[in-house]
Amino acid sequence: MTDDARFERLLLGMLSEDEIDALNDDAIADDEVATRLAMLEDEMIDAYVRDELDDASKARLETTLLRTEYGRERVALARALTARADRVDPEPRATVTPIGERGSPRARPGGRWRAIAAIAAIVLVAVTALFVLRNLDRDGDPGLARGGLVVVALAPPVRGLPAVPSIEIGPTTETLRLEIDLEGTGLTPGDRLSVRLDGPDATVRHRAEDAVPTLVAGLPALIVDVPAPALQPGRHTLHVHDGRRRVGAFAFDIRGLPTQEPATRKPATQEP
Amino acid sequence: MGDDGWTMKRRETQATTIRGYDRLIERLGGEFTQAAAAFQQLRQRLVRLLAWRGTSDPEALADETLERVARQLGGGLEIKSEDPFRYAARVAQLVAHEDLRALRREQTVHKAAQEQPTTTHDDDDDARMASLESCLEALPAADRELILTFYRGEKGSRIAGRRALAARLGISVNALRIRAYRLRQTLEQCIRDQVDDRGEPEMKSPPDTTERMEAAS
């Protein structure tokens, strides 16, 4: 019997008196055993609160640990904690907000704001880099400043703020970089995602399979580069899927018109 | 024994117990505030041990255990073990055996189990949630985010969320579990302290100096 199985049987009152004594001795002599037992107790109580235990285990727990005031108090605390944790919506929904149009940090959990701050820092670096590179280009360093990059961070909506950002595409813009905040979605850098960008005329303007989340300042994000010629003025929606479910749909409006002629545009390799 | 004799005996016992608590505090950390935190931790570990044994009231029995340990220390006992918990845990084993024997004698375990409600009152729930909120606020923002993310969601999304959180923090899922467990302990202790402050007269920390002086006088 594994340690965890033995611990579980202890909590469910399924061990003999001798086995209980032996396990208690282990828990007294070895802090690690005591910690693991305590963690398993937490997990079992959480599973009870979330109705994730099978009927037999549930009934047993009610006649052992939960028979006591201590057990009932722990259940009440677990219930409060899970209710409080679930109050934060982990699923990003249909809209996005651009950097610079977001509200006070108090409106959102701290972690997400760290992500936004990190993305904002990246935008600042990108803009500064573009400025420097353009100056270099003027000074005769060819190739470094080709093309304009507009970076926009997209995140789940914030109450009271504009739901759909408006993005200006200038004549020199070649690529629109969308940085999707994936915090709270459960996605990690090992996951594979597909993205589809629908344009204002309901046609698919861009598509990418096997997109891989990355970490931006330690937080999960998805970076999608959309060639500017793939965009049109009006509402666009970026749909993100992980193969099993929709991760989110992020809307944004495009203002301004790409001025390049179709023949001179850089081909959008992933465009359908 | 007359009233005076009984009172004197009672005072002696109290003084011995208080002396014992002093010695326990000394063993736990010396400084009173540091020792008080260690005392709470010790008590909570005893509560858990007693709960795992299936005793009738782990909290009350943990207090009983500590009082016995304090009396023994006050009477001159030397704890040889480096960790006072180990000695206290042995005493708790005895206390647990006594409690379980009493339970068996009464033969009411099953009946009591069936009669015990497993839910608490709404008022308590509201107070508990309010305490939880204030205790969460007292945590550093990163810890608050960690514990809420760790416990968020139904089974599938919760597991995925934990994996993502561990990846984000650059630690293993197991290390994350331990971190969440420690935070939860802190949080639960904070909530218990707030409940105590609202007036439940339970002996959950060493008696303060005033009490000690009063009892010894």
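Visitor: Why does L165(B) count as buried?

Guide: Its relative accessibility is 3%, and buried means under 20%, so L165(B) counts as buried. This comes from a predicted model. L165(B) lies in helix α8 of chain B, residues 155-169.

Visitor: What makes L146(B), T149(B), F150(B) and L176(B) contacts of L165(B)?

Guide: Contact means heavy atoms within 4.5 Å, and L165(B) touches these four residues, with residues up to four places away in sequence not counted. For F150(B), 15 residues apart from L165(B) along the chain, the C-alpha atoms are separated by 7.7 Å.

Visitor: Why is E41(A) called buried or exposed?

Guide: E41(A) has 0% relative accessibility. The cut-off for buried is under 20%, so E41(A) counts as buried. E41(A) sits in helix α3 of chain A. Apart from neighbours within four places in sequence, E41(A) is in contact with L11(A), L65(A), Y70(A) and R74(A), and also with R48(B) and W52(B). E41(A) and F7(A) are 34 residues apart in sequence, and their C-alpha atoms are 8.6 Å apart.

Visitor: How do you know that C135(B) and C190(B) form a disulfide?

Guide: Their sulfur atoms are 2.0 Å apart. The limit is within 2.5 Å, so C135(B) and C190(B) meet the rule. A disulfide is a covalent bond between the sulfur atoms of two cysteines. The search of the whole structure finds one disulfide over all chains. The pair links distant parts of the chain, 55 residues apart: C135(B) in helix α6 and C190(B) in helix α9 of chain B. The angle about the S-S bond is -85°, and the link is left-handed.

Visitor: Why do C135(B) and C190(B) get their accessibility labels?

Guide: C135(B), at 2% relative accessibility, counts as buried, because the cut-off is under 20%. C190(B), at 22%, counts as partly exposed, because partly exposed lies between that cut-off and over 50%.

Visitor: What makes the link between Q93(B) and D25(A) a polar contact?

Guide: The side chains of Q93(B) and D25(A) make this contact at 3.1 Å, and the rule asks for N or O atoms within 3.5 Å. Q93(B) is found in helix α4 of chain B and, at 10% relative accessibility, counts as buried. Beyond its neighbours within four places in sequence, Q93(B) is in contact with N24(A), D25(A), I28(A) and R53(B).

Visitor: Why is the pair D31(A) and R45(B) called a salt bridge?

Guide: The N to O distance between their side chains is 2.6 Å, and the limit is within 4 Å, so D31(A) and R45(B) pass. The count between chain A and chain B is 15 salt bridges. Across this interface 25 residue pairs are in polar contact.

Visitor: How many residues does each chain bring to the contact, and what is the area buried between chain A and chain B?

Guide: Chain A brings 59 residues and chain B brings 56 residues. The area buried between them is about 5,300 Å², with carbon and sulfur atoms giving 54%. I28(A), R67(A) and Y70(A) supply 14% of the area that chain A buries against chain B, more than any other three residues.

Visitor: Which element gives the largest share of the side of chain A that touches chain B?

Guide: α5(A) does, with 15 residues. The residues of that side of chain A divide into 27 nonpolar, 11 polar and 21 charged.

Technical notes. Residues numbered from 1 in each chain as written. Chains lettered and ligands numbered in written order. Predicted model: local features only at pLDDT ≥ 70, side-chain atom pairs only at ≥ 80, totals over all residues. Heavy atoms only, no water. Helix = DSSP H or I, 4+ residues; strand = E, 2+ residues; numbered from the N terminus. Buried < 20%, exposed > 50% of the residue type's maximum accessible area, 1.4 Å probe, protein only. Polar contact = N/O pair within 3.5 Å; in protein donor to acceptor, adjacent residues only side chain to side chain. Buried area = accessible area lost by both parts, 1.4 Å probe. Nonpolar A, V, L, I, M, F, W, Y, C, P; charged D, E, K, R; others polar.
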